Amino acid sequence: MQKLYLTSECMEQFGDFLKERENTQATVEKYQRDVKAFLRYLGGERVVTKEILNRYKEWLLEHYAVSSVNSMITAVNQFLVSLHGEELKIRRVRVQREFFRSASRELNQEDYKKILDIAQRKGKEQLTMILQTICETGIRISELQYFTVEQVKRGRIEILNKGKYRVILLPEGLRSKLLAYIGKCRIKEGYVFCTKSGNKKDRSNLWREMKALSREAGVQQDKMYPHNLRHLFARNFYKETGNLSNLANLLGHTSLEVTRVYTMESMEECEKMLNWVNRRTAIL
């Protein structure tokens with residue numbers, strides 16, 4: 001039986017492995033949390049076998065949703081790779097592909113308007129501008145740091161990260177709003193969205209601010225997180241243009257299949273379309 005012996009330095013080794021792979025800080029923290037959960041499951045056991053890993057997988061399935069289980073398995077598998085235990089990797093849980101998105105989990109245009117209205121009424125100018133920037137460009141929240149005064153003035157945001165080059169296009173209306181915000185806040189250079197001390201905005205603080213807004217706006221809190229604004233942008237763009245290829249470019253995707261997930265309709269919306277087509281084409 002294949003075995004892997006854990007040492008006291010294994011977590012440090014795993015951290016170095018993730019850094020060498022240039023994972024984002026958020027990914028590193030997530031993987032480390034998940035691996036620590038696995039080590040807690042092991043208790044004082046310092047030997048890892050396939051049998052133990054499969055038992056852990058079964059335990060996860062009893063306590064977590066399948067999506068969370070697969071995420072945690074991915075972290076543990078990366079941990080095994082970092083310790084040269086590739087042969088012990090366990091399979092993720094196979095999930096049937098979803099053809100419909102869950103309307104109850106997705107932010108819609110009405111929700112977005114409610115949240116913007118609350119932010120404006122409370123005088124949260126920076127948060128309002130951040131929400132509009134994400135929802136009108138489809139950027140990842142981690143890309144906010146690349147919005148500088150200089151780049152906004154040029155009308156496009158150029159990013160070079162992990163050896164990859166990407167351009168974020170700014171709609172004219174959004175660029176005008178950003179320039180007005182920059183002028184009003186007297187930001188001369190550097191980050192557009194920063195703390196009072198001039199540092200880039202922290203995503204965890206943004207998350208909390210967004211959740212607080214959703215409570216006041218009467219919007220389900222599990223709908224209100226930055227990536228859902230990116231999804232809303234994708235659905236709006238695809239609904240207006242029907243161009244999946246251009247949408248993939250705007251989102252920074254290399255795979256159209258990934259982009260397609262962003263544009264999935266809810267089952268209720270598909271039923272409406274089906275009934276509309278049926279009314280127009282049914283003979284009897």
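This report walks through the overall layout, one enclosed helix, the cysteines, a hairpin and a surface patch.

## Overall layout

What you have here is a predicted model. The chain carries 13 helices and four strands. Its C-alpha trace spans about 70 × 65 × 35 Å along the principal axes. As for packing, 40% of the 284 residues count as buried.

## Helix H6, tucked inside

Helix H6 covers residues 125-137, which makes 13 residues. From its first C-alpha to its last it reaches 18 Å, close to the 18 Å you'd expect at 1.5 Å a residue. Eleven of those 13 residues are buried, so H6 is largely enclosed by the rest of the structure.

Who's on the buried list? It runs Gln126, Leu127, Thr128, Met129, Ile130, Leu131, Gln132, Thr133, Ile134, Cys135 and Thr137. If you like thinking in helical turns, an α-helix has 3.6 residues a turn, so residues three or four places apart point the same way.

Gln132 is a handy one to click on. This glutamine lies in H6 and has a relative accessible area of 11%, so it counts as buried because the cut-off is under 20%. Its C-alpha is 9.6 Å from that of Leu178, although the two residues are 46 apart in sequence.

## Cysteines

How many disulfides does a search of the whole structure find? The count is zero. Two cysteines worth a look are Cys10 and Cys135. Cys10 counts as buried, at 3% relative accessibility. Cys135, one of the buried residues of H6, comes out at 6%.

## The E3-E4 hairpin

Strand E3 takes in residues 156-161 and strand E4 residues 164-169. They pair in the antiparallel sense, with six bridges between them. One of the bridge pairs puts Asn161 opposite Lys164 in E4.

E3 and E4 form a hairpin, with two residues sitting between the strands. In that turn, Lys162 has a positive phi of about 55°. When you look along the strands, keep in mind that side chains in a regular strand alternate between the two faces of the sheet.

## A nonpolar patch on the surface

Over on the surface, Leu61, Val66 and Val95 make a nonpolar patch of about 230 Å². Val66 is found in helix H4, which covers residues 66-82.

Is Val66 buried, partly exposed or exposed? Partly exposed is the answer, because its relative accessibility is 34%, and that class lies between the under 20% cut-off for buried and the over 50% cut-off for exposed.

Notes. Residues are numbered from 1 along each chain as its sequence is written. This is a predicted model: local features need pLDDT of at least 70, side-chain atom pairs count only at pLDDT 80 or more; totals for chains, interfaces and linings use all residues. Side-chain values use heavy atoms; hydrogens and water are left out. Patches are made of residues with over 30% relative accessible area and no salt bridge: like charges are joined within 9 Å, nonpolar side chains (Val, Leu, Ile, Met, Phe, Trp, Tyr) within 5 Å. Accessible areas come from the Shrake-Rupley method with a 1.4 Å probe; for residues, only the protein chains shown count as cover. A salt bridge is a side-chain nitrogen of Lys or Arg within 4 Å of a carboxyl oxygen of Asp or Glu. Buried means under 20% relative accessible area, exposed over 50%, partly exposed in between (1.4 Å probe, protein chains only). Two strands pair if DSSP finds at least two bridges between them. A disulfide is a pair of cysteine sulfur atoms within 2.5 Å. The expected span of a helix is 1.5 Å times one less than its number of residues.
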